[in-house]
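Me: I am new to this structure. Please take a close look at one part of it, then show me how that part sits in the whole.

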Amino acid sequence: MKKEAEVFDQLVNQRRSVRIYDAEADFDHNAVQRSLERAVLAPNSSNMQLWEFYRVKSPEKLKTLAWMCMNQKAAKTARELVVVVSRRDLWKKRQRALVEEMQRVYPDASSKMAQRAMNYYKNLIPKYYWSDWFDIWGFLKKCLYFFVGLKKPMVRHGNRVDLRISGHKSAALAAQNFMMSMEAEGYSTCPMEGMDSLRVKRFLGLPRKAEVVMIIGCGPGTQEGIYSERYRVPNSEVIFEV
Ligand SMILES: Cc1cc2nc3c(=O)[nH]c(=O)nc-3n(C[C@H](O)[C@H](O)[C@H](O)COP(=O)(O)O)c2cc1C
């Protein structure tokens, strides 16, 4: 096994969801910033980066947010809470940035690569992300995919639910990058979906279409913060070769 794989293996094995953090031990808040900068390097759908990360570290705001996390210990004792948010509503802004980036990367607009990239971001992305109030466009896309899919492989996602899932997928991958990075920095984390997402959205002043993916408690871990031995169902029940 490569040295990097050994280090990674150790980090993956030692990471646990820790629910009680040490209030006295030193905590380097810069580790959170570094870890978030690593989080945004996670793979994400079409590189649209439809995510946001909100750091909460002042004692009063921590108390309020912990209350919104049903006063879970993982939130109440956290030295910092990071709210991971999915922002599918930002697609136009990201699309503009990506079109500019493609123009920079492919200065020769007549090249095949440039045309393909431009077609993707200028034509396909709006068709995928645009949606109307009743999601009629999403329904029509699904119908079209169904009929095209009768003859050949076809993507099947296209309605609002699919867009929401896509946003959560990408944001969750970033969250995992963040947690692994915090582990490498010597700190513990606990992802939480046990929260009042409506109140959290109001607390952060987020718009209607934004969605709270999870809140991650972090800080110096304690042994009593690990509630039980790690349990996983046998690999043979979840890992298959076809
Ligand atoms: C999406 C998600 C939501 C979770 N929500 C909570 C939560 O609200 N409270 C909590 O204590 N743990 C929560 N967890 C942590 C899981 O309970 C934990 O990852 C699982 O029991 C496996 O334990 P391990 O992380 O120590 O390996 C959540 C984990 C994920 C991935």
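Reply: Start with Ser35, which lies in helix 2, residues 29-39. This is a predicted model, so every value here is computed from predicted atoms.

Is Ser35 buried or exposed? Its relative accessibility is 0%. Buried means under 20%, so Ser35 counts as buried. Which residues does Ser35 touch, leaving aside those up to four places away in sequence? They are Phe178, Ser181, Met182 and Glu185.

Now step back to the whole chain. Of its 242 residues, 41% are buried, and Ser35 is one of the buried residues. Contacts with a separation of 6 or more tell a further story. Residues 24 or more positions apart account for 78% of them.

The protein chain has nine helices and four strands. From the N terminus, the order is α-α-β-α-α-β-α-α-α-α-β-α-β. The C-alpha atoms fill a box of roughly 60 × 45 × 40 Å along the principal axes.

Next, the outside. The chain exposes about 15,100 Å². Carbon and sulfur atoms supply 56% of that area.

One surface patch is nonpolar. Trp133, Phe134, Ile136, Phe139 and Leu140 make it, and it covers about 650 Å². Take Phe134 from this group. Phe134 sits in the loop between helix 6 (112-129) and helix 7 (136-149). Its relative accessible area is 66%. Exposed means over 50%, so Phe134 counts as exposed. Set that beside Ser35, which is buried at 0%.

Another surface patch is positive. Lys92, Lys93, Arg96, Arg208 and Lys209 form it. Look at Lys209. Lys209 is placed in the loop between helix 9 (197-204) and strand 4 (211-219). Its relative accessibility is 31%. That value falls between the cut-offs of 20% and 50%, so Lys209 counts as partly exposed.

What about charge over the whole chain? There are 40 positive and 27 negative charges. Their mean positions are 9 Å apart.

To recap, three residues give three cases. Ser35, in helix 2, is buried. Lys209, in the loop before strand 4, is partly exposed. Phe134, in the loop before helix 7, is exposed. Keep the contacts of Ser35 in view as well: among them are Phe178 and Glu185.

Note on methods. Residues are numbered from 1 along each chain as its sequence is written. This is a predicted model: local features need pLDDT of at least 70, side-chain atom pairs count only at pLDDT 80 or more; totals for chains, interfaces and linings use all residues. Side-chain values use heavy atoms; hydrogens and water are left out. Helices (H or I, at least four residues) and strands (E, at least two) are DSSP runs, numbered from the N terminus. Buried means under 20% relative accessible area, exposed over 50%, partly exposed in between (1.4 Å probe, protein chains only). Contact means heavy atoms within 4.5 Å. Accessible areas come from the Shrake-Rupley method with a 1.4 Å probe; for residues, only the protein chains shown count as cover. Lys and Arg count as positive and Asp and Glu as negative; His and the chain ends are not counted. The place of a charge is taken as NZ of Lys, CZ of Arg, CG of Asp or CD of Glu. Patches are made of residues with over 30% relative accessible area and no salt bridge: like charges are joined within 9 Å, nonpolar side chains (Val, Leu, Ile, Met, Phe, Trp, Tyr) within 5 Å. A salt bridge is a side-chain nitrogen of Lys or Arg within 4 Å of a carboxyl oxygen of Asp or Glu.
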